[in-house]
Amino acid sequence: MSIIKAILLLGGLGLIFGAILAYASKKFAVEVDEKEENILAVLPGANCGGCGFAGCGGLAAAIAKGEAPVNGCPVGGATVAAKVGEIMGVAVGSGERIVAAVKCKGTCGKAKDKYEHQGLKDCRAASVLIGGPKACSSGCLGYGTCVSVCKFDAIKIEDGVAVVDEDKCVLCGKCIDICPKALITKKPASKEVFVKCNSHEFGKAVKQNCSAGCIGCGACAKVCPVEAITMDNKLAIVDQEKCIGCKVCVEKCPTKVIEGDISDRRKVSIDEEKCIGCTMCARQCKFGAIEGEKKQPHKIDLDKCKGCHLCLPKCKKGAMNLIDETQKATN
């Protein structure tokens, strides 16, 4: 009999407490914005923190409140931004995709070491001891601490230096934050020209430590036709907004520390039958590669053309075409 009483007592208490909890859940319920829930549903769920918030939930709440942009998720990219924009009822610009980039080209064969590191293979730990084993105090230590925090397999160590796979990079920022040398920065994915060095030493010291470092000669800045390169305390800096991708600086750099593949450069040809001689292309060319009188068909001097393509959008008659660097053409 006592067992039955105990069961009834526990059952009664359960019903009472259940009712109290049900009432409390309705009374003190926190209303969730429907937009926030919908936004969270379309976010990728990576919770990487690249957006600047603790996770996808934090970003969804901020977007719903108007405290974060609809394209705030670096992982989702344009596809997710479009979905979020539709939920919020705003248009989303295409924008420029930004990726991480490593400011070092000091591979094992090019950079010298001060000593042999036998401790923990971690960049932060190694940098504590007089800046690490690499002779260049600004160089990549190559122990892959940045690799360990990347959830997208977008960075790896190749020949002692961190290398970013731009196709996989979503700019979550983890590698940028963890690098003890502050070697990892941001750049537009469409911009190829990039100075892969972070040393502010004098040229002689740079040469002693690394054969691939910037020696501060300023030759790149002198040949840049649009003044996109400046010298900052003996280090060349590229203004990506000004850079037109002509790669003249890549050709001129004596240590080849400026990134840029010249072999894929595509020059321009002019279809003389379509050209009306408006001179718009010639006025745009920074290298004097376009010749011709007004109202007469123009020609391209391929020896002067650098493949920057600034002239292409200026031609309204469709008379300009791209040709391969190796293609033999006479205009």
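This section describes a buried helix, the salt bridges, backbone features and selected contacts of a predicted model.

Helix H3, spanning residues 56-64, is largely enclosed by the rest of the structure, because seven of its nine residues are buried. The buried positions of H3 are Cys-56, Leu-59, Ala-60, Ala-61, Ala-62, Ile-63 and Ala-64. Cover for these residues is provided by elements that include helix H2 (34-42) and helix H4 (77-88). Immediately after H3, the backbone at Gly-66 adopts a positive phi of about 80 degrees.

Residue Met-88 illustrates the surroundings of H3 from the side of another helix. Met-88 is located in helix H4. With a relative accessible area of 18%, Met-88 is buried, the limit for this class being under 20%. Leaving aside residues up to four places away in sequence, Met-88 is in contact with Lys-35, Ile-39, Ile-63, Ala-64 and Val-70. Two of these partners, Ile-63 and Ala-64, are also listed among the buried residues of H3. Between Met-88 and Ile-63, which stand 25 residues apart along the chain, the C-alpha separation is 8.3 Å.

Five salt bridges are present in the structure. Side chains of opposite charge can pair when their charged atoms come close. One of the five joins Lys-168 to Asp-153, with 3.2 Å between the closest N and O atoms. This pair links distant parts of the chain, 15 residues apart: Lys-168 belongs to the loop between strand S3 (161-164) and helix H7 (174-178), and Asp-153 to the loop between helix H6 (145-149) and strand S2 (155-158). Both partners retain some accessibility: Lys-168 is partly exposed at 36% relative accessibility, and Asp-153 is likewise partly exposed, with a relative accessible area of 47%.

A further salt bridge is formed by the side chains of Glu-166 and Lys-187, at an N to O distance of 3.1 Å. Glu-166 is placed in the loop between S3 and H7, whereas Lys-187 is part of strand S4 (residues 184-188); the pair therefore ties together parts that are 21 residues apart in sequence. The two residues fall into separate accessibility classes. Glu-166, with a relative accessible area of 26%, is partly exposed, while Lys-187 is buried at 6% relative accessibility.

The side chains of Glu-251 and Arg-265 also meet in a salt bridge, with 3.4 Å from N to O. Here too the pair links distant parts of the chain, with Glu-251 in helix H10 (residues 248-252) and Arg-265 in the loop between strand S8 (258-259) and strand S9 (267-270), 14 residues apart. Glu-251 counts as partly exposed at 36% relative accessibility, whereas Arg-265 is buried, with a relative accessible area of 5%.

Positive phi values also occur in residues other than glycine. Lys-256 has a phi near 55 degrees and is situated in the loop between H10 and S8. The relative accessible area of Lys-256 is 42%, and this residue is therefore partly exposed. At Thr-279, phi is near 70 degrees; this residue is found in the loop between S9 and helix H11 (280-284). In contrast to Lys-256, which is partly exposed, Thr-279 is buried, at 15% relative accessibility.

With regard to aromatic side chains, the structure contains zero aromatic pairs. A charged group is nevertheless placed over a ring: Lys-234 lies over the face of Phe-202, at 4.4 Å from the ring centre. Another phenylalanine, Phe-17, is located in helix H1 (residues 2-27). Together with Leu-9, Leu-10, Leu-13, Ile-16 and Ile-20, Phe-17 makes a nonpolar surface patch of about 610 Å².

Finally, Gly-318 occupies the loop between strand S11 (299-300) and strand S12 (320-323). Gly-318 counts as partly exposed, at 37% relative accessibility. The C-alpha atoms of Gly-318 and Cys-197 are 41 Å apart in space, the two residues being 121 residues apart in sequence.

Technical notes
Residues numbered from 1 in each chain as written. Heavy atoms only, no water. Buried < 20%, exposed > 50% of the residue type's maximum accessible area, 1.4 Å probe, protein only. Helix = DSSP H or I, 4+ residues; strand = E, 2+ residues; numbered from the N terminus. Contact = heavy atoms within 4.5 Å. Salt bridge = Lys/Arg side-chain N within 4 Å of Asp/Glu carboxyl O. Phe/Tyr/Trp six-rings, centres within 6.5 Å; stacked < 30°, edge-to-face > 60°. Lys NZ or Arg CZ within 6 Å of the ring centre and 35° of its normal. Patch = residues over 30% accessible without salt bridge, like charges linked within 9 Å, V, L, I, M, F, W, Y side chains within 5 Å. Areas by Shrake-Rupley, 256 points an atom, 1.4 Å probe, with all protein chains shown as cover.
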